[in-house]
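Good morning, everyone, and thank you for making time for this. Please have the sequence and the model open while I talk.

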Amino acid sequence: MPARALILALGACLAVAFGGCGASDREADAAVVAERFHAALEQGDGDAACAELNEVTASKLEQQEEMPCEEAVLELELPLGGAAAATEVYVTSASVALAEGGTTFLDEGPEGWRVSVAGCTPTAPDLPYDCVLED
């Protein structure tokens, strides 16, 4: 094998290896945001919970509930607390399944991961989720 081909093959292997690490880091980051959101709900800290929401979701929640986000988010029947059981990243979106049940969906923007949809349960195979908080 020529030296140039060997170097290119090694470079490709390293790119794949580092690409995998990056995805793993992004999954961990999304999981932390989801866990922080649900921990804030468990502590009754509406301000902290709303800080984890993306702008569209927070605004829609305020409009639907006709009250500030920090009050409205505590009125919803969302899972309190919860550890991430499984996290999947799809480009700039992520889903975090909680060990206690329910799934939280996040979007990645300039500020990092933010919760866009929460309190989701599957309705049936190949059908959308039914969610308590939506954007």
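I will go through the sheet and its hairpins, and then turn to the salt bridges.

Please keep in mind throughout that what you are looking at is a predicted model.

Let me begin with the sheet. Five strands make up an open sheet, arranged in the order 1-2-3-4-5, and their pairing is antiparallel. The edges are taken by strand 1 and by strand 5, residues 129-133, and because each of these has a single partner strand, one side of each is left without a neighbour in the sheet. Going from one strand to the next, the twist averages 30°.

Now to the pairing in detail, starting from the edge at strand 1. Strand 1, which covers residues 84-90, runs antiparallel to strand 2, residues 93-98, and six bridges join the two. If you want to follow the register on your screens, you can find Val89 opposite Ala94 of strand 2, while Thr87 has Val96 as its bridge partner in that strand. The hairpin that connects strand 1 and strand 2 has two residues between the strands, and there Val91 adopts a positive phi near 60°.

On its other pairing, strand 2 meets strand 3, residues 103-109, again in the antiparallel sense, this time over five bridges. Here Ser93 is found opposite Asp107 of strand 3. The hairpin of strand 2 and strand 3 has four residues between the strands, and in this hairpin the positive phi, near 110°, belongs to Gly101.

That brings me to the salt bridges. How many does a search of the whole structure find? The search finds two, and I would like to take them in turn.

One of them joins Glu108 to Arg26, with 2.4 Å between the closest N and O atoms. Since Glu108 belongs to strand 3 and Arg26 to helix 1, residues 3-42, this pair ties together parts that lie 82 residues apart in sequence. Glu108 is partly exposed, at 31% relative accessibility, and Arg26 is likewise partly exposed, at 25%.

The other joins Glu52 to Arg36, where the closest N and O atoms are 2.8 Å apart. This pair, too, links distant parts of the chain, 16 residues apart: Arg36 sits in helix 1, and Glu52 in the loop between helix 2, residues 46-51, and helix 3, residues 55-65. Is Glu52 buried or exposed? With a relative accessible area of 9%, Glu52 falls under the 20% cut-off and therefore counts as buried, whereas its partner Arg36, at 42%, is partly exposed.

Key: Residues numbered from 1 in each chain as written. Predicted model: local features only at pLDDT ≥ 70, side-chain atom pairs only at ≥ 80, totals over all residues. Heavy atoms only, no water. Pairing = 2+ DSSP bridges. Salt bridge = Lys/Arg side-chain N within 4 Å of Asp/Glu carboxyl O. Buried < 20%, exposed > 50% of the residue type's maximum accessible area, 1.4 Å probe, protein only. Axes fitted to C-alpha atoms, helices over the stretch in contact; angles between N-to-C directions.
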